[in-house]
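Visitor: Please pick one residue in this model and take a close look at its surroundings. Then work outward until the whole chain is in view.

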Amino acid sequence: MKSLILASSSPRRKELLSMNLLSYEVIPSTIQEVMDPSLSPEELVCSLARQKAEDVFRLYPDHVVLGADTIVVNNGAVLGKPAGRKEAIDVLRSLSGRTHTVFTGVSILAKEKERIFFVSTDVTFWELSEAEIENYVNSGEPFDKAGSYGIQGLGARLVQSIAGDFYSVVGLPVSRVVRELESFGISAVSQEDEI
């Protein structure tokens, strides 16, 4: 069986792969991502995922390399990780009472083939009070997350509804990824193999 490398240091992506009994090694990409403003959100998130996968694949061409990236788009603006407290507060205010779209791009590279795709999910926030925003920012959770929130953590209380793949919002559309990896010869290990 071929071995899988995750080209990301994201604890959420690691947790999602492990939760699905996939055996993998973590070798994070070290590239400076190139954000091309001429690309659509769908193209951009796929480009970012591919940049990460290619960076690691160059060093490990005999492996299957998985790269992923997540962006949040609100009213046409791409929201990355906040630069600081003020930006996190501003972003959360802009998301309050509105629906935004989370795009996660995935790139899977191997010698014989590659697969690049994205999954989009619409997320609707409740109307947030200033106190709710302040309390959430004070938790520290927003600072390493695109869109300044984590749906799998304390940020869950901000979310009124979602339409699409929950795990894609977390950072990896695992159902689709597992199926795609099977076509590369990567499959989940059995419970007995894990013991």
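Guide: Start at Val45. Leaving aside neighbours within four places in sequence, Val45 is in contact (heavy atoms within 4.5 Å) with Asp69, Thr70, Ile71, Phe103, Thr104, Gly105 and Phe118. This is a predicted model, so local features need pLDDT of at least 70, side-chain atom pairs count only at pLDDT 80 or more, and totals for chains, interfaces and linings use all residues. Residues are numbered from 1 along each chain as its sequence is written, and side-chain values use heavy atoms, with hydrogens and water left out.

Val45 sits in helix α2. Helices here are DSSP runs of H or I with at least four residues, strands are runs of E with at least two, and numbering starts at the N terminus. Val45 is buried, at 0% relative accessible area. The cut-offs are under 20% for buried, over 50% for exposed, and partly exposed in between, using a 1.4 Å probe and protein chains only. One of its partners, Asp69, lies 24 residues along the chain, and the two C-alpha atoms are 6.0 Å apart.

Now follow the contact with Phe103. Phe103 belongs to strand β5. It counts as buried at 7% relative accessibility. Residues up to four places away in sequence aside, Phe103 touches Pro41, Glu42, Val45, Asp69, Thr70, Ile71, Val73, Phe118, Val119 and Ser120. So much for contacts; Thr124 gives a spacing to check. Its C-alpha atom is 14 Å from that of Phe103, with the two positions 21 residues apart along the chain.

Stay on β5 and move to Ile108. That strand covers residues 99-109, and Ile108 is part of it. Ile108 counts as buried, with 0% relative accessibility. Its contacts, not counting residues up to four places away in sequence, are Val64, Val65, Leu66, Lys113, Glu114, Arg115, Phe117, Glu180, Leu181 and Phe184. Val177 is 69 residues away along the chain, yet its C-alpha atom is 8.9 Å from that of Ile108.

Next, the open space. The largest pocket holds about 640 Å³. A pocket is found on a 1 Å grid over the protein atoms alone: an open set of points where a 1.4 Å probe fits, with protein on both sides within 12 Å along at least five of seven lines; lining residues have an atom within 4 Å of a point. Points are joined across faces, edges and corners, and the volume is the space filled by probe spheres set on them. The lining has 32 residues, and Arg13, Lys52, Asp69, Thr70 and Lys81 lie nearest the centre. Asp69 and Thr70 have already appeared as contacts of Val45. The elements α1 (11-19), α2 (41-57), β3 (64-74) and α5 (166-170) each supply at least two lining residues. β3 gives the most, four residues. By type, the lining divides into 15 nonpolar, nine polar and eight charged. Nonpolar means Ala, Val, Leu, Ile, Met, Phe, Trp, Tyr, Cys and Pro; charged means Asp, Glu, Lys and Arg; the others, Gly among them, are polar.

Two backbone angles deserve a check. Most residues other than glycine have a negative phi. Asn75 has a positive phi, near 55°. It is in the loop between β3 and β4 (77-79), and it is exposed at 66% relative accessible area. Ser148 has a positive phi near 65°. Its loop runs between α4 (130-138) and β7 (159-163), and Ser148 is buried at 0%.

Asn75 also gives a long spacing. Met19, in helix α1, is partly exposed at 44%. The C-alpha atoms of Met19 and Asn75 are 34 Å apart, with a sequence separation of 56 residues.

Finally, the whole chain. It has seven helices and seven strands, in the order β-α-β-α-β-β-α-β-β-α-β-α-α-α from the N terminus. The C-alpha trace spans about 50 × 40 × 25 Å along its principal axes. Of the 195 residues, 47% count as buried. Among contacts with a separation of 6 or more, 69% join residues 24 or more positions apart. The chain exposes about 9500 Å², of which carbon and sulfur atoms supply 50%. Those areas come from the Shrake-Rupley method with a 1.4 Å probe; for residues, only the protein chains shown count as cover.
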